[in-house]
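Student: Hi! Could you walk me through this one? I'm new to it.
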Amino acid sequence: MQIEVFILVDRIRSLSIEDGLVQCDSAVPVDSSIYLGHFPGHPILPGVLLIESMAQTAGWLILAHTKFERFPFLSIVNEAKLRDFVTPGMQLLLEARLLHEGSGFFKTSNRVLVDGKVKCEAETTFRVMPFPSPVFRENVIAQARRVGFPAELVPNAG
Amino acid sequence: MSTTFDTVANIISETCDIPRENIKPESHAIDDLGIDSLDFLDIAFAIDKAFGIKLPLEQWTQEVNEGKATTEQYFVLQNLCARIDELKAAKGA
C-alpha cells in the first residue's frame, strides 16, 4: 500500500471474469505521516482509505470486464461498514465481487479481511467511460502489469 | 401481480425517498421528481434486477444528446414502463 501516491493495492492474488471475483493483497504501512494526525498515539488506517482500497480492487475487476477500453470512475458507495480498526503492519485481503453490469455502470460488493476476519465492507457503483487520454490508459496498463494483472487479460499498450 | 408501473414506482420511492403517492404514470423522473443521473444509476440497477433486463441507458442518453429523442420518451414513467415491457417481451421472445 503506497498511501503517499494513493496506490492502495499491492498485488492481485486472483482475478476471474467468469466468477466475477478479484482478490488482492495489500500491506498497511508501518510508518506513514498519516498516523501523525490519525491518530496521535493511536495509529489506524483512515476509513476513507479502506473504502478507496475496496474501490481500487473492484476497479481491476471492472477493467478486466471492459478489456481496458473503458475506465471505472467511483460514483456511489452504499452500505459501508467499518467494523474494526485496521492498524499499521496488517496484511489485508481485498475482495470485490461483481453484482451487476448495467448500461454504462458496474456495481460491486467488496470487503477487506485480515486473518479471515472481515474488517470492513461496502457496495460500490462505478460509471465506466472511455479513457480520458491515451497516456492515462497506458499508465493504467503499466500499473496493471506491476500489480500482477493476469497477463492474458492485459492488452498491449498503445 | 403488481404492474410494471407499481414496481418501478416502489423502486423510485425507496431509492430516492420520494413519497409513493407523489409518483404518477405521467411524472417525469427528472423534471417532476428531481431524480438526477446518479440517483438513476441506483434505480436502473434495481429495475434491471427486478425485471431481469438491462436498461439501455447509454443508448438513450446518446439519443437525447444528439437530439434524436426527447427525455420525455424515456423518463416519463409511463413511457419508461412501456420500454421496460418491450425489453421484457424481447427477452422472452
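Student: How many residues of chain B are in contact with chain A?
Tutor: Happy to help! 12 residues of chain B are in contact with nine residues of chain A, where contact is counted if C-beta atoms, placed from the backbone, lie within 7 Å. This is a predicted model, in which local features need pLDDT of at least 70 and side-chain atom pairs count only at pLDDT 80 or more, while totals for chains, interfaces and linings use all residues. Residues are numbered from 1 along each chain as its sequence is written, and chains are lettered from A and ligands numbered from 1 in the order in which they are written.

Student: Which helix gives the most to the side of chain B that touches chain A?
Tutor: That is α2(B), with seven residues. Helices (H or I, at least four residues) and strands (E, at least two) are DSSP runs, numbered from the N terminus. By class, that side of chain B has seven nonpolar, no polar and five charged residues. Ala, Val, Leu, Ile, Met, Phe, Trp, Tyr, Cys and Pro count as nonpolar, Asp, Glu, Lys and Arg as charged, and the others, Gly among them, as polar.

Student: New topic: in what order do the strands of the sheet in chain A come?
Tutor: Six strands make an open sheet, ordered β1-β2-β4-β5-β6-β3, with antiparallel pairing. Two strands pair if DSSP finds at least two bridges between them.

Student: Which strands stand at the edges?
Tutor: β1 (11-16) and β3 (70-82) of chain A do, each with a single partner strand, so one side of each has no neighbour in the sheet.

Student: And how many bridges join β5 to β6 in chain A?
Tutor: There are 10 between β5 (residues 105-114) and β6 (residues 117-130) of chain A. For K107(A), the bridge partner in β6(A) is T125(A). Helix α2 (residues 37-51) of chain B packs on the sheet, where that helix touches β3, β4 (91-101), β5 and β6 of chain A.

Student: What about helix α2 of chain A, mostly covered or mostly open?
Tutor: Mostly covered: 14 of the 20 residues of α2(A) are buried. Buried means 20 or more other C-beta atoms within 10 Å of a residue's own, exposed means 12 or fewer, and partly exposed lies in between, with C-beta atoms placed from the backbone. After α2(A) comes K67(A), whose phi is positive, near 55 degrees.

Student: How much of chain A is buried?
Tutor: Buried residues make up 32% of its 158 residues. Chain A comes to three helices and six strands in total, and its C-alpha trace spans about 45 × 30 × 25 Å along the principal axes.

Methods:
Contact = placed C-beta atoms within 7 Å. Axes fitted to C-alpha atoms, helices over the stretch in contact; angles between N-to-C directions.
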